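I opened this model to see how its parts fit together. These are my notes, in the order I looked things up.

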Amino acid sequence: MRILIAEDDVETARFIERGLAELGHAVVVAANGDDALHLGLTENFEIMILDRMMPVRDGLEVLRCLRAAGNETPAIMLTALARIEDRVDGLDAGADDYLTKPFAFSELVARVNALARRSAPQQTETRLCVGPIVMDLLAREVRRNGAAVLLQPKEFRLLEELMRHPGEFVTRTMLLERVWDFHFDPQTKIVETHMSRLRSKLNEGGLDDWIETRRGVGYRVRAQ
């Protein structure tokens with residue numbers, strides 16, 4: 001993908017640019033808001049990563065101008081401002097996602113990939129299959145090796161999120177947003193508790209554990 005990074009901190013910009021380039025993306029860096037706005041208006045990108053606090057124009061103003069001009073490129077706002085009000089300001093300006101500093105590069109990559117999938121043309125899915133696990137989205141049923149697995153609604157949604165991204169780690173933050181619609185950390189173990197119940201039901205009878213937990217990264221369902 002072609003990605004625009006607007007970041008005035010040289011070290012942060014280089015860190016993101018190098019990491020994304022190693023993953024095969026074409027990266028263009030803007031060091032201030034004016035350059036970011038010019039690039040956004042004159043060139044095509046699949047994803048934009050905008051720092052909120054930049055010289056000349058801040059990220060919010062850049063994004064508002066781009067949206068007003070009809071630019072709908074998916075955008076991730078980066079900022080050290082972590083208050084809920086600051087996140088709301090970013091989303092209201094037209095950001096599709098909001099990531100606070102400091103952040104793990106793996107989470108940034110996961111969010112970039114999620115935005116890319118969201119903006120791609122989608123076909124309606126009615127059935128998800130990963131290994132021996134089959135999920136019927138219409139009947140709201142799950143089977144493993146043909147045997148029914150009875151799940152509560154939130155457990156079903158957790159498994160659905162993991163099965164939509166087989167082999168990829170889904171972060172705790174992403175699960176809070178997608179399953180519970182929480183755009184803040186409730187400071188509880190709600191994800192861990194539901195994930196434990198889901199794992200127990202899927203592994204009933206001593207079957208192999210298909211859900212992997214990686215501390216500090218997230219959860220994934222093994223692709224094979």
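**Entry 1: two helices.** I began with helix α7, residues 172–179, and helix α8, residues 190–202; their axes lie 10 Å apart and cross at an angle of about 85°. An angle from 65 to 115 degrees counts as roughly perpendicular, so I noted α7 as roughly perpendicular to α8. The model is a predicted one, which I keep in mind for everything below.

I then listed who touches whom. From α7 the contact takes R172, L175 and L176. From α8 it takes I190, V191, E192 and M195. I sorted the residues of this contact by type and got 5 nonpolar, 2 charged and no polar.

**Entry 2: the whole chain.** I stepped back to the full protein chain, which has 8 helices and 11 strands. I looked up its extent: the C-alpha trace spans about 60 × 35 × 30 Å along the principal axes. The chain has 224 residues, and 44% of them count as buried. For the surface I noted about 11800 Å² exposed, with carbon and sulfur atoms supplying 49% of that area. I also checked contacts between residues at least 6 apart in sequence; 55% of these join residues at least 24 apart.

**Entry 3: a strand inside.** Next I picked strand β4, residues 75–79. How many of the residues of β4 are buried? I counted 5 of the 5, so β4 is largely enclosed by the rest of the structure.

In a regular strand, side chains alternate between the two faces of the sheet. I therefore checked β4 one side at a time, and found both faces covered. On one side A75, M77 and T79 are buried, and on the other I76 and L78 are buried.

I looked for a neighbour of β4 and found strand β3, residues 47–51, which pairs with β4 in the parallel sense over 4 bridges. For M48, I recorded A75 in β4 as the bridge partner. A75 is also one of the buried residues noted above.

**Entry 4: one glutamate.** Last, I looked up E107, which sits in helix α5, residues 105–119. Is E107 buried or exposed? Its relative accessibility is 15%. Buried means under 20%, so E107 counts as buried.

I then asked which residues E107 touches, leaving out those up to four places away in sequence. The list I wrote down is L99, T171 and T173.

Methods. Residues are numbered from 1 along each chain as its sequence is written. This is a predicted model: local features need pLDDT of at least 70, side-chain atom pairs count only at pLDDT 80 or more; totals for chains, interfaces and linings use all residues. Side-chain values use heavy atoms; hydrogens and water are left out. Axes are lines fitted to C-alpha atoms, for helices over the stretch in contact, and angles run from 0 to 180 degrees between N-to-C directions. Angles under 35 degrees count as roughly parallel, over 145 as roughly antiparallel, 65 to 115 as roughly perpendicular and the rest as oblique. Contact means heavy atoms within 4.5 Å. Ala, Val, Leu, Ile, Met, Phe, Trp, Tyr, Cys and Pro count as nonpolar, Asp, Glu, Lys and Arg as charged, and the others, Gly among them, as polar. Buried means under 20% relative accessible area, exposed over 50%, partly exposed in between (1.4 Å probe, protein chains only). Accessible areas come from the Shrake-Rupley method with a 1.4 Å probe; for residues, only the protein chains shown count as cover. Two strands pair if DSSP finds at least two bridges between them.
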